[in-house]
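Student: Got a minute? I'd like to go through this one with you.

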There are 2 protein chains.
Amino acid sequence: VSPDSLLERLRGALVQGDESALHLLLAGLHASDLADLLEELEDPERARVVGLLAVDPARAADALSEMEPEEHPEDSLAALPASQLAAVIAQLADDDAADLIGELDPAEQDRVLATLPRDAAVEIRELMRHAEDTAGGLMTTELVAVRDDLPAADAIHEVRRQAAATGQRLYVVFVLDAAGMLRGWVPLEVLVTAEPAAPLGSLALPVPAVVGLETHQEEVARAVSRYNLAMIAVVDGSGRLVGGVTFDDVIDVIEDESTRDILGLGGTSPEEELRGGVSEAVRSRLPWLYANLLTAFMAAWVVYLFEHVVEQIALLAVCMPVIAGMGGNSGTQALAVTVRRLALSEGDAPAGLLVKELLVGGINGLATGVVAAAAALGLALLRGADPWLAAVVLMAMWVNLAVGGLAGALVPTVLERAGVDPAISSSIFVTAFTDMCGFFLLLGLAASFLI
Amino acid sequence: VSPDSLLERLRGALVQGDESALHLLLAGLHASDLADLLEELEDPERARVVGLLAVDPARAADALSEMEPEEHPEDSLAALPASQLAAVIAQLADDDAADLIGELDPAEQDRVLATLPRDAAVEIRELMRHAEDTAGGLMTTELVAVRDDLPAADAIHEVRRQAAATGQRLYVVFVLDAAGMLRGWVPLEVLVTAEPAAPLGSLALPVPAVVGLETHQEEVARAVSRYNLAMIAVVDGSGRLVGGVTFDDVIDVIEDESTRDILGLGGTSPEEELRGGVSEAVRSRLPWLYANLLTAFMAAWVVYLFEHVVEQIALLAVCMPVIAGMGGNSGTQALAVTVRRLALSEGDAPAGLLVKELLVGGINGLATGVVAAAAALGLALLRGADPWLAAVVLMAMWVNLAVGGLAGALVPTVLERAGVDPAISSSIFVTAFTDMCGFFLLLGLAASFLI
């Protein structure tokens with residue numbers, strides 16, 4: 001059954017008020033597929049379906065937690081009556097509950113939190129304090145952690161008890177000492193095959209990495225990716241285990257960070273939701289275009305300075321797009337490689353990197369400059385212009401591609417050091433620079449040698 | 001201890017042949033960190049360290065499987081004596097073993113496979129048959145799968161036995177019927193908390209998604225990301241469970257695909273390893289620059305057609321970079337959004353998308369065109385040129401940004417439908433198009449209305 005026809009049948013059943021057809025339609029769908037259906041609906045239809053789902057709070061919770069944040073699942077949550085609301089939130093993982101409730105306005109937050117048991121409300125308030133893009137904002141506190149002096153046989157019972165209590169997927173058993181400090185972890189396959197009398201501490205493996213509450217999500221993702229962790233431990237300043245971030249949240253982070261980098265390099269901001277409409281796209285892109293317009297004016301101003309040269313040798317206007325465009329391409333290549341390298345932390349020393357990009361740009365500038373110069377020579381001979389135009393084109397191409405490569409590596413490196421996301425604004429600076437530099441080289445050299 | 005000083009101390013101990021210092025240095029490092037050290041070394045040093053590690057085959061296997069493929073860990077593997085080689089391979093996950101052995105030349109492959117037990121060799125040969133970027137190429141066959149008629153208590157014993165036999169991380173217990181068909185899965189937390197007598201079939205949840213042996217890795221990643229699966233089942237044509245792909249391999253796929261998209265949009269190919277040197281970068285980028293040069297010649301040719309116009313109104317050369325650059329930016333914005341949308345399969349119907357991008361480009365073209373026209377008017381008044389230059393600039397900007405938006409959405413959509421990776425070659429076509437279109441509009445309108 002295609003999603004579209006499902007949606008149509010759902011709408012039909014809603015219009016006719018056919019409750020049994022509705023239940024039949026909704027039953028058997030995976031939470032992620034239910035979430036897609038909810039995203040397609042608008043209130044009040046959506047609120048009605050969430051109301052129907054809330055009969056099974058676990059299912060409603062799963063579907064709500066799978067919805068895209070920009071679809072505002074929290075609104076559907078807030079529309080439920082208090083008793084159902086509490087039941088659904090109790091079934092949400094604590095990190096999902098904190099994310100959803102955090103999106104409500106403060107008065108609504110208090111109303112929703114008031115429906116919960118005191119402990120749960122305190123827990124969720126605590127989670128809501130952490131910034132969304134930190135380990136604290138991503139983590140769940142519902143994990144399985146066992147004392148290191150427990151024998152394996154007892155530990156299995158304890159794991160069973162805790163797993164049933166949290167109701168979350170079980171990936172990892174953390175091992176704590178008497179003070180609650182993280183001492184290691186036990187893979188499940190080790191736990192279930194261990195000597196019953198072996199103390200858990202003797203089975204524990206060192207955790208290859210931990211993160212702090214304030215660790216940025218990119219660094220969390222890097223550690224999880226590097227060490228292949230299903231759940232990474234989050235510890236407080238004193239090394240006490242306070243939560244864990246699971247691989248599925250890390251996959252979302254990696255996808256979001258890549259979206260941010262790709263849209264940033266393309267000259268629009270991640271605030272433009274990929275599903276957004278015309279007005280979101282205009283709002284997100286227009287500021288970048290105005291910034292670009294400013295840099296385009298600067299490039300135009302360089303041409304304006306040499307207007308008299310163009311007036312005398314109009315063939316230079318023919319060469320302009322070649323020099324500027326190729327320099328921009330060289331810069332964009334170095335930029336893409338550098339931004340990706342920074343994102344994956346594949347670091348050479350930056351100094352070595354800058355030299356490399358200057359060299360690559362220079363070699364490529366010479367290789368393509370020779371072809372462009374040959375074309376310029378042909379054109380000059382054809383039109384009876386000064387054949388030294390070819391030499392000017394060669395020099396301008398060569399230097400512009402070299403400095404383009406350098407700028408492409410330098411700009412994001414400097415932005416990163418300054419704490420600015422290097423993907424977001426680099427491309428404007430780099431292409432502005434190669435445009436200005438290209439025109440200055442071409443027209444300046446022409447002014448010196450051809451007139 | 002910083003990685004650099006570790007490396008220096010390792011090299012020192014290697015030179016002095018200080019075996020106890022070497023063992024001390026290598027002990028206690030995580031496999032991923034060991035892999036980094038190995039990547040920094042060159043043969044024969046690397047082969048010596050792998051030889052030292054091979055005393056503990058499990059550790060050597062972990063370190064080799066964490067090395068980047070382009071560092072050719074398989075060479076270190078092949079340098080081991082036969083008995084150690086077999087011991088190390090026995091400790092590799094079967095998918096990692098297949099990947100490593102698959103990189104050797106055929107004669108070496110036969111030598112290595114001959115050191116293995118017949119069963120394992122057949123298994124690995126089977127895995128080596130699948131393309132690397134398919135589910136078959138990513139999967140492990142070492143998974144835990146239990147018959148649906150087994151009571152939970154017996155199933156726990158069976159899971160324990162299989163987990164010990166595979167030696168792999170345990171994430172998921174698959175449930176099979178008597179014919180080996182996949183019937184569902186049991187989360188570990190359900191298994192360990194179940195009634196001992198409950199048949200496994202009654203505990204099984206439906207798997208939200210399966211993939212086939214030939215399913216492309218991007219689609220595998222989408223399913224894992226969508227349904228938050230620690231391991232996704234791979235089934236053959238008849239629905240029999242043949243393997244599983246784990247989240248950590250999926251994270252690698254997602255990162256590789258993003259790298260491919262970012263480098264593709266930047267105009268270089270993923271074959272340029274991010275860690276590569278100058279010659280790899282030149283080899284990877286130069287073909288793109290030549291392709292770009294060809295399109296730059298086409299843009300230059302448009303200017304050439306209107307050379308007489310530029311000769312009469314040199315101010316047009318000042319406007320050229322603004323019109324072309326802004327059109328390129330509009331196209332690149334639409335391109336980045338479309339490529340990312342295709343990668344994440346956030347589909348509107350393509351037709352709606354094209355209309356949206358045309359509209360967004362048109363609105364932004366008008367908004368920025370008015371500013372550019374005001375600047376052109378000022379310039380024309382200052383220089384005593386025809387003030388209608390402003391109208392020409394407005395029209396050219398408006399149309400160029402609109403068609404730029406359309407081209408940015410259209411080109412990757414068409415490439416995707418034609419089975420070509422939309423990230424790789426789109427940017428060349430889009431900016432070539434906006435350059436040519438921009439010059440044609442500006443100079444053509446000027447020829448019609450200003451001369």
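**Chain A against chain B**

Student: How many salt bridges are there between chain A and chain B?
Tutor: Eight (Lys or Arg side-chain nitrogen within 4 Å of an Asp or Glu carboxyl oxygen). Mind that this is a predicted model, where local features need pLDDT of at least 70 and side-chain atom pairs 80 or more, while totals for chains, interfaces and linings use all residues. Side-chain values use heavy atoms, without hydrogens or water.

Student: Which side chain does Asp36(B) meet in a salt bridge?
Tutor: That of Arg226(A), at 2.5 Å, N to O.

Student: And which helix gives the most to chain A's side?
Tutor: Helix 19 of chain A (residues 315-344), with 17 residues on the side that touches chain B; helices here are DSSP runs of H or I, at least four residues, numbered from the N terminus.

Student: How much area gets buried between the two chains?
Tutor: About 9,300 Å², 65% of it on carbon and sulfur atoms. That is accessible area (1.4 Å probe) lost on putting the two together, summed over both.

Student: Switching topic: which residues of helix 7 in chain A are buried?
Tutor: In helix 7 (residues 82-91), Leu85(A), Ala86(A), Val88(A) and Ile89(A) are buried (under 20% relative accessible area, 1.4 Å probe, protein chains only).

Student: Why do they line one face?
Tutor: Down the axis of helix 7 of chain A, the buried residues fall within an arc of 165° (taken from the directions from axis to C-beta atoms), so they line one face.

Student: What's exposed on the other side of helix 7?
Tutor: Ser83(A) and Ala90(A) are exposed there (over 50%).

Terms used: Residues numbered from 1 in each chain as written. Chains lettered and ligands numbered in written order. Helix = DSSP H or I, 4+ residues; strand = E, 2+ residues; numbered from the N terminus.
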